[in-house]
Structure formats: C-alpha cells, structure tokens
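The following exercises practise the reading of strands, helices and empty spaces in a protein model. Each exercise gives a task, and a worked solution follows step by step.

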Amino acid sequence: MKLIKQKQNCCGCSACFNVCPKGAIAMVPDGKGFLYPRIDVERCTNCGLCKKVCPLQNGTHVHDRLQKPDAYAVKHKSDDVRMNSSSGGIFTALSDFVLEQGGIVYGAAFDENFKVCHQRATTPKERDRFRGSKYVQSNLKRCFQEVKNDLRSGNNVLFSGTPCQTSGLKNYLANQDTKKLITVDLVCHGTPSPIVFHDYLSTIQLKNQSGICSVNFRYKPSGWHAQAMAIGFKNGKFYESNAIDDTYYRLFLPNIILRDSCYQCRFANLQRPSDFTMGDFWGIEKSMPEFEDEKGVSLLLVNTEKGRRIFDDIQDTLIFRPSDISCCLQPNLVGPSIMPPQLGSFWEDYLKHGFSYVAKKYADAGIKGTIKSEIKKILKCMGLFDTVKRFLHRTA
C-alpha cells in the first residue's frame, strides 16, 4: 500500500504509525529532518487503517464544534506562571485542572539532547517542561497509544499540540470513549525542521565552546513582545538575541524551514479540530490597551461545547476579557504560511553544503536584507515591530 503520493500530503502526525496493527509502518526522517511513514510491504495487509486515520486525507469530525469560537484575552492570576509561559499562562490553567483530578497531560518538551518530542506528565513539575513555545516539529513516537491506554484506564487526559497533531489523535481515537479527553491546539506558524534546529544548536555550542543546558524561544525578561531567543551553556555563558538578528529566527519566520504540508495547511482557519486553541494575543495593545502588559496575554478560542464547560470550571484561576473574533485574527487563523520563493534553492544548498553555508547565504549575508524585510512584515502584522525596535534600542 502507498500511503502518500506527495510529501505535502503528510503532516507527520504519526496517527498511521500508531494505528497499524501489524507494526508495518515506521516514521523515518528525510534529508530535511521531517518524519514520514515508511511501509514494510512484507508486513502490510492492506487493511486501510492508516489512510482512515490520516487527517489530511479525511479531515476530522468535531461533533460539538461551536458555529463560531468564543474568543478571550486571558491572563493567569499568578505572575510567576505568566513569566514562565510564552504568553498569558492559559496552558497551565488547563493542565492544572486535569492534574488536580489525577489526570494525565501530554505536550511537547525538550529531551536530554534538546530534541523536541511529546511526553507524558502526571505532576506539575513534569508538566512544566511543556510550557513555552518550541519552534520545531515534535516527534510524537507512540504518544497516541499512550493516550488511548490512559483513557481506557479511566483517566482524564489533556493533549496539547499543533492542530494537525490533535486532528490525527482524534481520528486515531475515533472508536474510543473520549469523554475524558481535552484537546488543545496552537495558533501554528508552521513546523520547522528538527535537523536545521539541531545544526543551529551545534553551531551555537561550537561558537561558545560549551554544551547547552537550556533553550528558551521566548525569553520573557526582555519583554513578552520581544521574541527573544535565549540559550544557557554549561560553562556559564548566556546567549540572547532578538528575532531580527538570530539566525534560526531569520530562517523560521520567513517560512524557509517549514514542512511541505504547512504551505497548504487545512487547519489555518477557525474550523479547529480541538476543544481549545491557544496562542499569543497579538494586537491586544490596540483592542484592549488597558489589559496589556509585558508579562504576556494569551489568546484563547473556545471551540466546542465541552470547551465551554471546562472554561467555566477554570475561571477562578484567570483574569479574562471577552473579545470580538475580528480583533484577534492572526495570519495563521486566516490562511497558511506562504511558501517563500527561495525555498527550493535553500534546501538544495542545505543538502549539498550543510547548515553553515545556508546560514551565511540565507540568514547572515546575501539576501539578509530581504529576510529582515520579511521578518519586519511579519512582526508588523502581529503588532510587534515597534516593541522589538524598542528592545533593540535598549540592548544596543
């Protein structure tokens, strides 16, 4: 059986890998570092389950989806929670609700080698690894099977991930009782290449002559709007750079290192597959200036009737304001990230010459002005450009 004909038809959610009853599917990285299913024809029985669960081939049915999401600007009441979150701390509130009931939380975290993968948490300390943005595609491994086992054991489960991942999970669980499952997806710009991120970290380590002990894509001491990358090293050194000057951000924000399927993402709209959608409430300083501050504000979209019931249960931990959906629409809630014209040449150069070459050609020199111009457009669209400019002036 041939599962996909073209790479843009696979989001890497791993639902096919998890559902195969014969273990005939392996998730294998291509030259760009993205995982794709490889079928062992000797084991495959052509049962068709892999195609049935694929979110790009079949979509996802959400039986209690609201006609229009309820939109909120949200801040956790704990300043400490907000400072340790990418935005306003809504994920902590939702996951605490599940953990306090003895439930299980799944989310993306760094492993010991700073590779991003989905992990399982039963305590707040374990859950805290899921806080903060990871602008890298996560490896789900056998996460869906673990979720199914937890649900069968009667546990409450919260799963957080990109919309294509939550869609794949819900398709995988189509024949299961999911009353105790809560799903949360992200306002996703697109999933960047794990191998490019690994090469970026290797370059940073070599430059600082030390191993890495921490990575933070959204370093809050520089301000919520700053989009600052921060990396701590075992030798005590510390790297901090803003989105305009950091090499990885200069490849990520202009969409150069995204997965092929991201350029035609079917989830980049308000028809979400999850109970909740969370992200940064960019533009809050325009729509609710009295509610904005530098500790961060979450955008929360409540997409289902189940989501409404849960949001009612967690409101005591939050400060929130209802929002008109038109005031919080972001580019990736309207359409997919746009494929850049230099995409083909970038990957050709990367596969032939490696990371250092493309970093210099595409992020540090050559079209540096074009890349910076594109990042400025994105930051302006998100309402962040003036804040980043102030950050640059303050650190100059």
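**Exercise 1. A three-stranded sheet**

Task: In this predicted model, determine which residue of β10 stands opposite Met229, and describe the sheet to which the strands β9 and β10 belong.

Solution.

Step 1. Met229 stands opposite Ser241 in β10.

Step 2. The pairing of β9 with β10 is antiparallel and extends over 5 bridges.

Step 3. The two strands form a hairpin with 4 residues between them. In the turn, Gly236 has a positive phi of about 95 degrees.

Step 4. On the other pairing, β8 is joined to β9 (residues 228–233) by 4 bridges, and these strands also run antiparallel. Here Gly232 in β9 is the bridge partner of Ser214.

Step 5. The result is an open sheet of 3 strands in the order β8-β9-β10. Its edge strands are β8 (212–216) and β10 (238–242), each of which pairs on one side only. On average, neighbouring strands of this sheet are turned by 10 degrees against each other, direction ignored.

Step 6. A helix completes the description: α9 (residues 194–208) lies across β8, β9 and β10 and runs at about 55 degrees to β9.

**Exercise 2. An eight-stranded sheet**

Task: State the strand order of the open sheet of 8 strands, and identify its edge strands.

Solution.

Step 1. The order is β5-β4-β6-β7-β11-β12-β3-β13, and the pairing is mixed.

Step 2. The edge strands are β5 (116–121) and β13 (318–323), since each pairs on one side only.

Step 3. Neighbouring strands are turned by 25 degrees against each other on average, direction ignored.

Step 4. One pairing may be examined in detail. Strand β4 (residues 104–110) is joined to β5 by 6 bridges, and the two run antiparallel. Tyr106 stands opposite Arg120 in β5.

Step 5. Helix α7 packs on this sheet, where it touches β4, β5, β6 (157–161) and β7. The direction of α7 makes about 160 degrees with that of β6.

Step 6. Helix α12 lies across β3 (65–76), β7, β11 (276–280), β12 (298–304) and β13. This helix runs at about 135 degrees to β12.

**Exercise 3. Two pairs of packed helices**

Task: Describe how α5 packs with α12 and how α13 packs with α14.

Solution.

Step 1. Two packed helices are described by the angle between their axes and the distance between the axes.

Step 2. For α5 (residues 90–99) and α12 (residues 305–314), the angle is about 95 degrees and the axes are 10 Å apart. Angles of 65 to 115 degrees count as roughly perpendicular, and α5 and α12 are therefore roughly perpendicular to each other.

Step 3. In this contact, α5 contributes Ile90, Ala93, Leu94 and Phe97, while α12 contributes Ile310, Asp313 and Ile314. The classes are 6 nonpolar, no polar and 1 charged residues.

Step 4. For α13 (residues 343–353) and α14 (residues 355–364), the angle is about 145 degrees and the axes are 7 Å apart.

Step 5. The contact involves Ser345, Phe346, Asp349, Tyr350 and His353 of α13, together with Phe355, Tyr357, Val358, Lys361 and Tyr362 of α14. These residues divide into 6 nonpolar, 2 polar and 2 charged.

**Exercise 4. Cavities and a pocket**

Task: State how many cavities of 30 Å³ or more the structure holds, and describe the linings of the cavities and of the second largest pocket.

Solution.

Step 1. There are 2 cavities of 30 Å³ or more.

Step 2. The largest cavity holds about 110 Å³ of space. It is lined by 16 residues, and Cys20, Ile25, Cys44, Cys47 and Cys50 are the closest to its centre. The lining comprises 11 nonpolar, 3 polar and 2 charged residues.

Step 3. The second largest cavity has a volume of about 100 Å³. Among its 15 lining residues, Cys10, Cys13, Cys16, Cys54 and Pro55 are the closest to the centre. The elements α1 (15–19) and α2 (49–53) each give two or more residues to this lining. By class, the lining has 12 nonpolar, 3 polar and no charged residues.

Step 4. The second largest pocket contains about 660 Å³ of space. Of its 29 lining residues, Lys170, Leu173, Ala174, Asn175 and Thr178 lie nearest its centre. The elements giving two or more residues to this lining include α1, α2, α8 (163–172) and α12. The lining divides into 9 nonpolar, 11 polar and 9 charged residues.

Terms used: Residues are numbered from 1 along each chain as its sequence is written. This is a predicted model: local features need pLDDT of at least 70, side-chain atom pairs count only at pLDDT 80 or more; totals for chains, interfaces and linings use all residues. Side-chain values use heavy atoms; hydrogens and water are left out. Axes are lines fitted to C-alpha atoms, for helices over the stretch in contact, and angles run from 0 to 180 degrees between N-to-C directions. Angles under 35 degrees count as roughly parallel, over 145 as roughly antiparallel, 65 to 115 as roughly perpendicular and the rest as oblique. Contact means heavy atoms within 4.5 Å. Ala, Val, Leu, Ile, Met, Phe, Trp, Tyr, Cys and Pro count as nonpolar, Asp, Glu, Lys and Arg as charged, and the others, Gly among them, as polar. On a 1 Å grid over the protein atoms alone, a cavity is a set of points where a 1.4 Å probe fits but cannot get out, and a pocket is an open set with protein on both sides within 12 Å along at least five of seven lines; lining residues have an atom within 4 Å of a point. Grid points are joined across faces, edges and corners, and a volume is the space filled by probe spheres set on the points. Two strands pair if DSSP finds at least two bridges between them.
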